[in-house]
Amino acid sequence: DRRKVLHMGHSHGGGGGGHGHSHSPTDLDNLPEEAGKKAQRITWIGMGANAGLCVAKGGIGFYSGSASLVADAAHSVSD
């Protein structure tokens, strides 16, 4: 009993002991470029947020005399 289930532009052969797998050329055409752009965007957002937190923790720690906040800001630089 061999059947194919189609979803999201690709198929999986079912039944028996084996597993068939194929992709149509159109479902992966733009994936690497789009995925790379999304990953790069979220990386920059994360770096910006981390830099902002570092500056805020360092500034507040310095002005309030909190060694803990200054140390945490220094630790945030390594993140």
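How many helices and strands are there in the chain?

1. **Overall layout.** This is a predicted model. The chain has two helices and three strands. Their order along the sequence is β-β-β-α-α. Helix α1 covers residues 31-64, and helix α2 covers residues 67-78.

2. **Confidence.** Check this before reading any detail. The mean pLDDT of the chain is 76, and 61% of the residues score at least 70. Confidence is highest in α2, at 92. It is lowest in strand β1 (residues 3-7), where the mean is 46. Residues 1-7 have a pLDDT below 50, yet this stretch has 18 contacts in the model beyond near neighbours in sequence. Where pLDDT is low, the predicted coordinates should not be read in detail.

3. **Burial and surface.** Of the 79 residues in the chain, 10% are buried. The accessible surface of the chain is about 6300 Å². Carbon and sulfur atoms account for 64% of that surface. Now take the contacts in the chain with a separation of 6 or more: 4% of them join residues 24 or more positions apart.

4. **The salt bridge.** The structure holds one salt bridge. Its partners are aspartate 72 and lysine 57, with the closest N and O atoms 2.8 Å apart. Aspartate 72 sits in helix α2 and lysine 57 in helix α1, so the pair ties together parts that are 15 residues apart in sequence. How accessible are the two residues? Aspartate 72 has 31% relative accessibility, so it counts as partly exposed. Lysine 57 has 21% and also counts as partly exposed. The cut-off for buried is under 20%, so lysine 57, at 21%, is not classed as buried.

5. **Serine 76.** This residue belongs to helix α2. Is serine 76 buried or exposed? Serine 76 is buried, because its relative accessible area is 4% and the buried class takes in values under 20%. Which residues does serine 76 contact, leaving aside neighbours within four places in sequence? They are Asn50, Cys54 and Lys57. Lys57 is also the salt-bridge partner of aspartate 72.

6. **Cysteine 54.** Cysteine 54 lies in helix α1. Its relative accessible area is 17%, so cysteine 54 is buried. Leaving aside neighbours within four places in sequence, cysteine 54 touches Ala73, Ser76 and Val77. The Ser76 contact thus appears from this side too. Valine 70 gives a backbone distance to check: its C-alpha atom is 8.8 Å from that of cysteine 54, and the two residues are 16 apart along the chain.

7. **The aromatic pair.** The count of aromatic pairs comes to one. Phenylalanine 62 and tyrosine 63 form this pair, and its geometry is edge-to-face. The ring centres are 5.4 Å apart, and the planes meet at 75°. Why is the pair called edge-to-face? Planes over 60 degrees apart fall in that class, so the 75° angle qualifies. Tyrosine 63 is in helix α1.

8. **A nonpolar patch.** Are phenylalanine 62 and tyrosine 63 buried or exposed? Phenylalanine 62 is exposed, at 63% relative accessibility. Tyrosine 63 is exposed as well, at 73%. Both residues belong to a nonpolar surface patch, together with Val70. The patch has an area of about 410 Å².

Note on methods: Residues are numbered from 1 along each chain as its sequence is written. This is a predicted model: local features need pLDDT of at least 70, side-chain atom pairs count only at pLDDT 80 or more; totals for chains, interfaces and linings use all residues. Side-chain values use heavy atoms; hydrogens and water are left out. Helices (H or I, at least four residues) and strands (E, at least two) are DSSP runs, numbered from the N terminus. Buried means under 20% relative accessible area, exposed over 50%, partly exposed in between (1.4 Å probe, protein chains only). Contact means heavy atoms within 4.5 Å. Rings of Phe, Tyr and Trp (its six-membered ring) pair if their centres lie within 6.5 Å; planes under 30 degrees apart count as stacked, over 60 as edge-to-face and the rest as tilted. Patches are made of residues with over 30% relative accessible area and no salt bridge: like charges are joined within 9 Å, nonpolar side chains (Val, Leu, Ile, Met, Phe, Trp, Tyr) within 5 Å. Accessible areas come from the Shrake-Rupley method with a 1.4 Å probe; for residues, only the protein chains shown count as cover. A salt bridge is a side-chain nitrogen of Lys or Arg within 4 Å of a carboxyl oxygen of Asp or Glu. pLDDT is the predictor's confidence in each residue, from 0 to 100.
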